[in-house]
Each structure stands twice: as structure tokens, then as C-alpha cells.
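Me: I am new to this structure and would like a careful look at a single part of it, the nonpolar core and its cysteines.
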Amino acid sequence: MSTDGYVMAGVDFPFPSAGELDRRVQIRLRQDVPVGLAGLAEQHPVVFTRWASLKPVGTAVWAASVQTDERVTHRCIVRWIDGITDSHEVVHRDRVYRVRRCAELRGERRFLVMEVEELGGVEAV
């Protein structure tokens, strides 16, 4: 895991049970490149697909994240991936989620927990 993005301390949830990683998601690196005099174009030079658990967070987690201006709407769990930062996005169906923080699950590099913010539909972002 890179230190370029926000990193949480190890998360102490139980490991996902068999069949809990039930959503096929894309994880992609987002880069904005200059276009013309004042424009930006979004590029995704790194895109890969993983099985994931993607669930909304509770109201207490959401309210605390709003107070720190790091909005978290969902929690995404995947098998361990090195190098995920807050420059990455998770895409499930037509929804895009920006990675806000990530951590290893239970202090082991078996699973990665990403706290993400839902940005909206693919066409809207």
C-alpha cells in the first residue's frame, strides 16, 4: 500500500465469508491531464477487475466522515492489492466511487478495506 494517499490503521472486521465477495468491480487509477489552455481530461492508465464486497456504511460513520470533510459512503473489501491510494476509483455497474482511505484487514495482507465516496454515474463523472 502506498503512502501517497490516506491510510487507515488496520481494520478489525471479520474476514469475508465464502461468497461474500459477490460484486465484480473495476479498480482504476485516475489521472487528470491538461488539455488546451485551461482544460483537463480524465485518463485511466491502469484498470483491473476484482471480486469485491461493496456495502453502504452506517449513519455514524457517514456523519463522522462529513465532519472531517472526507465523505465516506461505502466500504469495499477485496483480496489484497499493493499500491492502492486515494488516486484510485472503484466502478461497479454504472456507479463510480472515489477511494478515500484504505487499510489491511485485521493486520494481515490478505484483504484490503477501502472506504470510498460515491461520486455518481459513469457518464456524470
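How many disulfides does the structure hold?

Reply: This is a predicted model, in which local features need pLDDT of at least 70 and side-chain atom pairs count only at pLDDT 80 or more, while totals for chains, interfaces and linings use all residues. Residues are numbered from 1 along each chain as its sequence is written, and side-chain values use heavy atoms, with hydrogens and water left out.

The structure holds zero disulfides, a disulfide being a pair of cysteine sulfur atoms within 2.5 Å. Cysteine 76 has 0% relative accessibility and therefore counts as buried (under 20% relative accessible area, with exposed over 50% and partly exposed in between, using a 1.4 Å probe and protein chains only). Cysteine 102 is likewise buried, because its relative accessible area is 0%.

Both cysteines are touched by methionine 114, whose contacts (heavy atoms within 4.5 Å) also include Ile27, Val78, Ile84 and Val90, not counting residues up to four places away in sequence. The largest nonpolar core (a set of buried Ala, Val, Leu, Ile, Met, Phe, Trp, Tyr and Cys residues joined through side-chain atoms within 4.5 Å) has 17 residues, of which Ile27, Val78, Ile84, Val90 and Met114 touch the most other members. At least two residues of this core come from each of strands S1 (23-29), S4 (47-56), S5 (74-79), S7 (95-105) and S8 (108-121), where strands are DSSP runs of E with at least two residues, numbered from the N terminus, as are helices (H or I, at least four). Apart from this core lies another, of five residues, among them Ile77, Leu105, Phe111 and Val113.
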